[in-house]
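Visitor: I am new to this structure. Please show me how to read it, one feature at a time.

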Amino acid sequence: IGLLPYRRIKILEKEKEIEIDLGKIFHMMKKRVIYIILATLITAVLSGCITEFLIQPKYSASCTMYVYSNTDRVSSSSSIGQSELTASQQLVNTYIEVLKSDYVLEDVISNLNLNMTSKQLKSLLSFSQINETEIFRVTVTSTNAAQSADIANAIAQTAPDAIVKKIKAGGVSVLDYAKVPSSPSSPNLKKNILIGAIAGFAVSFIGFFIYELFDTTITSERDLEREFEIPVIGSVPRLVPSSKPNEDGAAQSANTRKGGGK
C-alpha cells in the first residue's frame, strides 16, 4: 500500500515528460511551416505538369446491350415473367465471356482493319453489368476517341450473331450505340494535382516530424531541466556588439597613424 503513491507520481512524471517532448516538437514544427507549404505547392505543380505534358490522354466510349433468355418473346406479345428475368440476369456474365473471346475480337479486328492482336484489343475493353439487371455495358478506352467509339459499335454489331451461334440460347439486343467522346476520361488533372499536394504535405510533415523527434539539441532552459533534472540558476544573455564604436575606434587609430607619420 505504501508503494502506491510513489508509483502514481512516477506515472504522472512520465506523462508530463511526454507532453513536454511533444510540445517541443510541435513548437519546432512551427518553424518548418514555410518549408512544408513550399513542398506541398511544388509537388502539386509538378504533378499537374506531369499530368498535362507527359501522360497521354485516353478516351472512353460505351455501348449497352440487353440480354433475353427466351427467343420466342421477340415474336410474341406475352409479358415477361420473373423466371425469365432471372435467367437473363444469369446469362449476362456468360455473354460477356463470349464477347471477350478471340472469336469475337478477331472478327472486330478484321472488320475495322485494326493493327493489333486480340490480346491487345482485350486490354482496351471493360464489361460491367448495370445494377444487377439483364443489361450490361461494354466500354472501350484508347488514346483515339474515334477508334474507341468504332470498336464499341463493332462489338455491338457482332455480338447478337456471335452469341446466338456459340451459345444457342437467348440473345442480346443493342440499347445504345457508342458516341465519339468529346473529352478524355483520363487522366484527371484536378485529382492528380490534389493527390500531389497531399503527398507533398504528408512526406514533408512526416520528414520534419521525425527529424525533430530525434533531435537532441538543447534549445531552451526547459530542455536542460528536462534532460539533466537540475534547476537553472541563471543565464547569460547574448550580447550583440554595436558597429558604431568599432567604426569610431578605427577612425581614431587611422588619425593617430596619420599624425605619427607627419
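Guide: Start with a term: a residue is buried if its relative accessible area is under 20%, exposed if over 50%, and partly exposed in between. This is a predicted model. In its protein chain of 262 residues, buried ones make up 27%.

Visitor: How much surface does the protein chain expose, and what share do carbon and sulfur atoms supply?

Guide: The exposed area is about 18,300 Å². Carbon and sulfur atoms supply 58% of that area.

Visitor: How many helices and strands does the protein chain have?

Guide: There are nine helices and four strands. Read from the N terminus, their order is α-α-β-α-α-α-β-β-α-β-α-α-α.

Visitor: What share of the contacts joins residues 24 or more positions apart?

Guide: Take the contacts with a separation of 6 or more. Residues at least 24 positions apart account for 74% of them.

Visitor: Now the rings. How is a pair of aromatic rings described?

Guide: Two values do it: the distance of the centres and the angle of the planes. This structure holds three aromatic pairs. One of them is Tyr35 with Phe208. Their centres are 6.3 Å apart and their planes meet at 50°, so this pair is tilted. The tilted class lies between the stacked limit of 30 degrees and the edge-to-face limit of 60.

Visitor: Where in the chain do Tyr35 and Phe208 sit?

Guide: Tyr35 is in helix α2, residues 33–53. Phe208 is in helix α7, residues 189–213. They are 173 residues apart, so the pair links distant parts of the chain.

Visitor: Which type of pair do Phe205 and Phe209 form?

Guide: A stacked one, with 6.2 Å from centre to centre and 20° between the planes. These two are four residues apart in helix α7, so about one helical turn separates them. Phe205 is partly exposed, at 29% relative accessible area. Phe209 is partly exposed too, at 23%. Ring pairs also join Phe201, Phe205 and Phe209 into a cluster.

Visitor: Which charged end sits over the ring of Tyr103?

Guide: That of Lys166, 4.3 Å from the ring centre.

Visitor: One last feature. What is a disulfide, and how many does the structure have?

Guide: A disulfide is a covalent bond between the sulfur atoms of two cysteines. A search of the whole structure finds zero.

Visitor: Are Cys49 and Cys63 buried or partly exposed?

Guide: Cys49 has 35% relative accessibility, so it counts as partly exposed. Cys63 has 0%, so Cys63 counts as buried.

Definitions and conventions: Residues numbered from 1 in each chain as written. Predicted model: local features only at pLDDT ≥ 70, side-chain atom pairs only at ≥ 80, totals over all residues. Heavy atoms only, no water. Phe/Tyr/Trp six-rings, centres within 6.5 Å; stacked < 30°, edge-to-face > 60°. Buried < 20%, exposed > 50% of the residue type's maximum accessible area, 1.4 Å probe, protein only. Lys NZ or Arg CZ within 6 Å of the ring centre and 35° of its normal. Contact = heavy atoms within 4.5 Å. Areas by Shrake-Rupley, 256 points an atom, 1.4 Å probe, with all protein chains shown as cover. Disulfide = S-S within 2.5 Å.
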